[in-house]
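Here is my note on the model you sent round, set out as numbered points. Please read each point with the coordinates open beside the text.

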Amino acid sequence: AAKEQGRNGFRHFTPSMQEKAENRIRLANDLRFALSSQQFQVHYQPILDTVTGQVVKAEALLRWQHPEHGFVSPDLFIPIAEDTGVIHEVGNWVFREAAKLASRWRKQCPAACGQVSVNISPRQFMHEKTVDALLGCLTEMNMPGECMAIEITEGLLLDDQDHVREKLVSLREAGIRVALDDFGTGYSAMGYLKKFNIDYLKIDRSFVRDLARDESDRAIAETIVIMAKRLGMKTIAEGVETNEQRDILAAVECEYVQGYLYSRPLPAAGFLEYVAENMRAGCSVNGG
Ligand code: C2E
Ligand code: MG
Ligand code: MG
Ligand code: MG
């Protein structure tokens, strides 16, 4: 294709693009050993009930500490892991770690059933063994499916719909909840919302960022919440950084909030401490 573009194609192949391509190849190689070399860690970001302020969920987010480059963003390496197929092994590992955290959370607070959600990229989701691997992991750990959720993106619901529906049904029959991540940033061909059973819509950070200043963003957020309610779903707003944003989300009755206002993603131990602290604070607010 580069040849067909002729000179133009060549002219635009700048050194920085070549560098990028080389970096990608290097990262792809390094990714193959990252899991066995214990360079991955899973962090957990608290998700709070907007009304009670209780931590009721967590999102599992993968962290890669590269031996030379330091922290590499998942936005950079997840697509590479998808292209190379490494995502299957790594993704199953993330789910298992997240289920372990959910289990520890349950032991720490038997009263509250915290739920941990795991991002599943399209290629990982479509792999024939993924559903069995996730369900097998829960059986093995003797964990109810209700303690877990998966986060998928709109793109997945647009192609090969029968196949996707079948897999989602199996997961939901086991109690695993399904969240639609980055909602509103993709194609938003919303017909799929009536074809699939989705539990949560996640309002993308890009709509939350300017919520206090931008009337359109407020209208979009409010409309997502109303639509979700009418369709029997709940909404989770991500990227909540200010009290103003929180207040607006509470006013439009968005059920859950997640963001730096409350906490950055934390290692497992730190997350469980955060939960304990959150529960103590909740008790004192309620006078006990
Ligand atoms: P996402 O699923 O939309 O995750 C939310 C991202 O927003 C996370 O970035 C989180 O750290 C960040 N975030 C949360 N609250 C705030 C806030 O208040 N302000 C700002 N500026 N950012 C906030 P992160 O951890 O860098 O992950 C980026 C993306 O990488 C995720 O987006 C997800 O698509 C993907 N990803 C992360 N872990 C995994 C994984 O285990 N598997 C797969 N397939 N994808 C993953
Ligand atoms: Mg997510
Ligand atoms: Mg998201
Ligand atoms: Mg996002």
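The points below take up the metal sites, the ligand and two backbone angles in turn.

1. The model is a predicted one, and its local features are discussed only where pLDDT is at least 70, while side-chain atom pairs count only at pLDDT 80 or more. The distances and areas quoted below should be read with that origin in mind.

2. The magnesium ion listed as ligand 2 has four coordinating residues, namely Glu59 and Glu151 through OE, Asn119 through OD1 and Asp181 through OD, at distances of 2.0 to 2.3 Å. Along the sequence these donor residues follow the spacing E-x59-N-x31-E-x29-D. Asn119 belongs to strand E4 (residues 115-119) and Asp181 to strand E6 (residues 177-183), so this pair ties together parts that are 62 residues apart in sequence. Water is not among the atoms, so the site may look incomplete, and I would keep this in mind when reading the donor list.

3. The two donors just paired differ in their accessibility: Asn119 is partly exposed, with a relative accessible area of 31%, whereas Asp181 is buried, with a value of 7%.

4. The other magnesium ion, ligand 3, is coordinated at 2.0 Å by Asp181 through OD and by Glu238 through OE. Asp181 lies in strand E6, while Glu238 sits in the loop between strand E8 (234-237) and helix H12 (243-251), so the pair ties together parts that are 57 residues apart in sequence. Both of these residues, Asp181 and Glu238, are buried.

5. Which residue bridges ligand 2 and ligand 3? The bridge is Asp181, and the two magnesium ions that it joins lie 3.6 Å apart. Anyone who sets up this site for a calculation will meet Asp181 in the coordination of ligand 2 and again in that of ligand 3.

6. Around ligand 1 there are 22 residues, of which Arg63, Asp181, Arg205, Glu241 and Tyr260 come nearest. The bridging residue of the metal pair, Asp181, is thus also named in the surroundings of ligand 1.

7. Polar contacts to ligand 1 involve both its oxygen and its nitrogen atoms. An N or O atom in the side chain of Arg63 is 2.8 Å from an oxygen atom of the ligand, and a polar side-chain atom of Arg205 lies 2.7 Å from an oxygen atom of ligand 1. On the nitrogen side, an N or O atom in the side chain of Glu241 is 2.5 Å from a nitrogen atom of ligand 1. Taken alone, ligand 1 exposes 810 Å², and the protein buries 86% of that area.

8. The space that ligand 1 takes up is the largest pocket. At least two residues of the shell around the ligand come from each of strand E2 (55-66), helix H3 (74-84) and strand E6, and the largest share, 4 residues, is supplied by E2.

9. Two backbone angles deserve a careful look. Asn142 has a phi near 55°, a positive value in a residue other than glycine; this residue lies in the loop between helix H6 (130-141) and strand E5 (148-153), and it is exposed, with a relative accessible area of 66%. Asp182 likewise has a positive phi, near 50°, and is not glycine either, but its place is in strand E6, where it counts as partly exposed at 26% relative accessibility.

Technical notes:
Residues numbered from 1 in each chain as written. Chains lettered and ligands numbered in written order. Heavy atoms only, no water. Donors = N, O, S within 2.8 Å, 3.2 Å for Na, K, Ca; no water. Buried < 20%, exposed > 50% of the residue type's maximum accessible area, 1.4 Å probe, protein only. Near = heavy atom within 4 Å. Polar contact = N/O pair within 3.5 Å; in protein donor to acceptor, adjacent residues only side chain to side chain. Areas by Shrake-Rupley, 256 points an atom, 1.4 Å probe, with all protein chains shown as cover. 1 Å grid on protein atoms, 1.4 Å probe; cavity = no way out; pocket = protein on both sides within 12 Å on 5 of 7 lines; lining within 4 Å. Sits in = over half its atoms within 2 Å of the grid points.
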